[in-house]
Amino acid sequence: LRCTTTRGSAAAAAASLATVTLGSDTAGSIQNPAAVEALVGLRTTHGLVATTNADGEIVVAPLNSRQDVVGPLCRQTIDCALVLEALTDAAPGTYATPLVVSGELFAATSFTLGYERDFLEYNEKEPPLRPSPDVVSLMRTRVKAVQDAGATVKLVHGIAKAVLLPFFADTAAVTACALATLKRHMNAYLLGLSSTHSISDMLNSNKLSPATSAFWRSVNASVASDDPAQNRNCSITNDVYSAARATLTAAMVDNGIDAYMIPVNNQPYSMIADLDSRFGDAGLTVVISAITGLPAVSIPIGTVKSHDVDTPFSVLVLGPPKSDGKLLEVAAAVERHVYQRQPPIEHPPPPRVLASRAAPPPPTAHSWTRNACV
């Protein structure tokens with residue numbers, strides 16, 4: 001499966017090479033790989049987890065200061081809660097203790113979830129969402145299961161489009177600002193390294209693949225971030241991001257919901273070597289969390305067909321700033337009552353020669369955490 005930059009961390013956690021892993025996320029690099037590997041992935045509130053050490057040294061390679069965050073990828077929610085305590089220097093039990101409760105977890109969370117109505121029906125002509133029929137079918141089933149398990153779910157309408165449409169309308173300005181920001185941040189980061197001191201040095205090393213080299217050449221060719229034209233682009237970007245955050249926050253208040261729930265992608269994820277445009281390479285809806293800076297947790301809820309293969313799929317739950325702990329409570333409830341994680345298929349053959357296969361029954365509540373890869 002293809003996804004984004006934290007795929008190595010996600011694969012390691014899914015294959016039990018590590019109990020938990022960390023990832024950086026600029027625009028879906030935690031949530032997409034987590035969804036692909038059927039993991040819980042937490043994109044933390046922007047700024048909650050430091051990206052520098054106690055001496056002020058950069059410990060996470062910077063891509064975009066407006067969006068960069070660090071978060072955990074875990075096989076079960078309780079692990080993510082424990083990691084979050086360590087990352088934020090929170091008191092032991094701050095995030096983990098509420099997850100270790102008896103009875104119905106949905107009742108314990110006292111959360112009202114809002115689910116986007118636009119993802120409950122397939123509409124070929126409706127940009128920018130266009131959820132596939134498979135995604136629509138799975139989400140209908142899982143939303144009902146969440147409700148049957150005791151969660152309060154309110155159907156809301158138009159929030160995703162209200163956040164995403166202005167972003168897509170100003171894509172040119174946002175992209176130009178992002179490239180210029182990346183150039184400035186990466187050159188500053190590389191300056192402190194022993195051998196490669198700039199993007200130009202990196203390109204001149206001839207150690208990059210053609211595709212990677214082409215990307216960094218486009219970054220290096222971007223206009224400086226202090227150029228007047230670039231200042232305008234970044235001003236537009238700041239306005240778009242501020243409006244997106246205000247729109248989503250206000251929509252949650254106006255609709256009386258504590259968290260906003262959407263599928264992690266509007267299409268099944270694609271397979272390696274699969275260039276069929278019907279399948280998504282990276283989640284569309286995870287952009288909402290990236291541009292608003294709000295916390296979001298992706299939760300495995302089942303599988304959808306990518307060609308004839310049952311591929312993992314997740315729901316994304318977003319909340320107000322610094323509601324990361326509450327979102328993990330929701331994730332724990334989904335994990336316990338709605339869907340038990342199914343490990344990814346190991347080393348599948350190329351997609352066009354895969355035969356249809358029935359998914360094995362979900363593991364028991366206790367067995368899957370010990371046997372994450374079969």
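Helices (H or I, at least four residues) and strands (E, at least two) are taken here as DSSP runs, numbered from the N terminus. The model is predicted.

**Exercise 1. State how many helices and strands the chain has, and what share of its residues is buried.**

Solution.
1. The DSSP runs give 12 helices and eight strands.
2. The chain has 374 residues, and buried ones make up 50% of them.
3. The accessible surface comes to about 16300 Å², with 55% of it belonging to carbon and sulfur atoms.
4. Among contacts with a separation of 6 or more, 73% are between residues 24 or more positions apart.

**Exercise 2. Determine which parts of the chain the salt bridge between arginine 43 and aspartate 25 ties together, and whether the two residues are buried or exposed.**

Solution.
1. The cut-off for a salt bridge is 4 Å between a side-chain nitrogen of Lys or Arg and a carboxyl oxygen of Asp or Glu.
2. The closest N and O atoms of arginine 43 and aspartate 25 are 2.6 Å apart, and the pair forms a salt bridge.
3. Arginine 43 belongs to strand E2 (residues 40-43) and aspartate 25 to strand E1 (residues 20-25), so the bridge ties together parts 18 residues apart in sequence.
4. A residue counts as buried under 20% relative accessible area.
5. Arginine 43 has a value of 0% and is therefore buried; aspartate 25, at 1%, is buried as well.

**Exercise 3. Describe the setting of the salt bridges aspartate 148 to lysine 144 and aspartate 310 to lysine 305.**

Solution.
1. The rule yields four salt bridges in total.
2. Aspartate 148 and lysine 144 meet at 2.8 Å, N to O.
3. Both of these residues lie in helix H5 (residues 133-148), four residues apart, or about one turn of the helix.
4. Aspartate 148 and lysine 144 are both exposed.
5. For aspartate 310 and lysine 305 the N to O distance is 3.2 Å.
6. Aspartate 310 has 15% relative accessibility and so counts as buried, whereas lysine 305, at 31%, counts as partly exposed.

**Exercise 4. Identify the residues with the most contacts inside the largest nonpolar core, and list what leucine 113 touches.**

Solution.
1. The largest nonpolar core has 66 residues.
2. Leu113, Leu248, Tyr260, Val297 and Val317 have the most contacts inside this core.
3. Leaving aside residues up to four places away in sequence, leucine 113 touches Val146, Thr152, Val153, Lys154, Ile257, Ala259, Met261, Val317 and Val330.
4. A second, separate core has eight residues, including Met202, Leu203, Trp216 and Val219.

Definitions and conventions. Residues are numbered from 1 along each chain as its sequence is written. This is a predicted model: local features need pLDDT of at least 70, side-chain atom pairs count only at pLDDT 80 or more; totals for chains, interfaces and linings use all residues. Side-chain values use heavy atoms; hydrogens and water are left out. Buried means under 20% relative accessible area, exposed over 50%, partly exposed in between (1.4 Å probe, protein chains only). A nonpolar core is a set of buried Ala, Val, Leu, Ile, Met, Phe, Trp, Tyr and Cys residues joined through side-chain atoms within 4.5 Å. Contact means heavy atoms within 4.5 Å. Accessible areas come from the Shrake-Rupley method with a 1.4 Å probe; for residues, only the protein chains shown count as cover.
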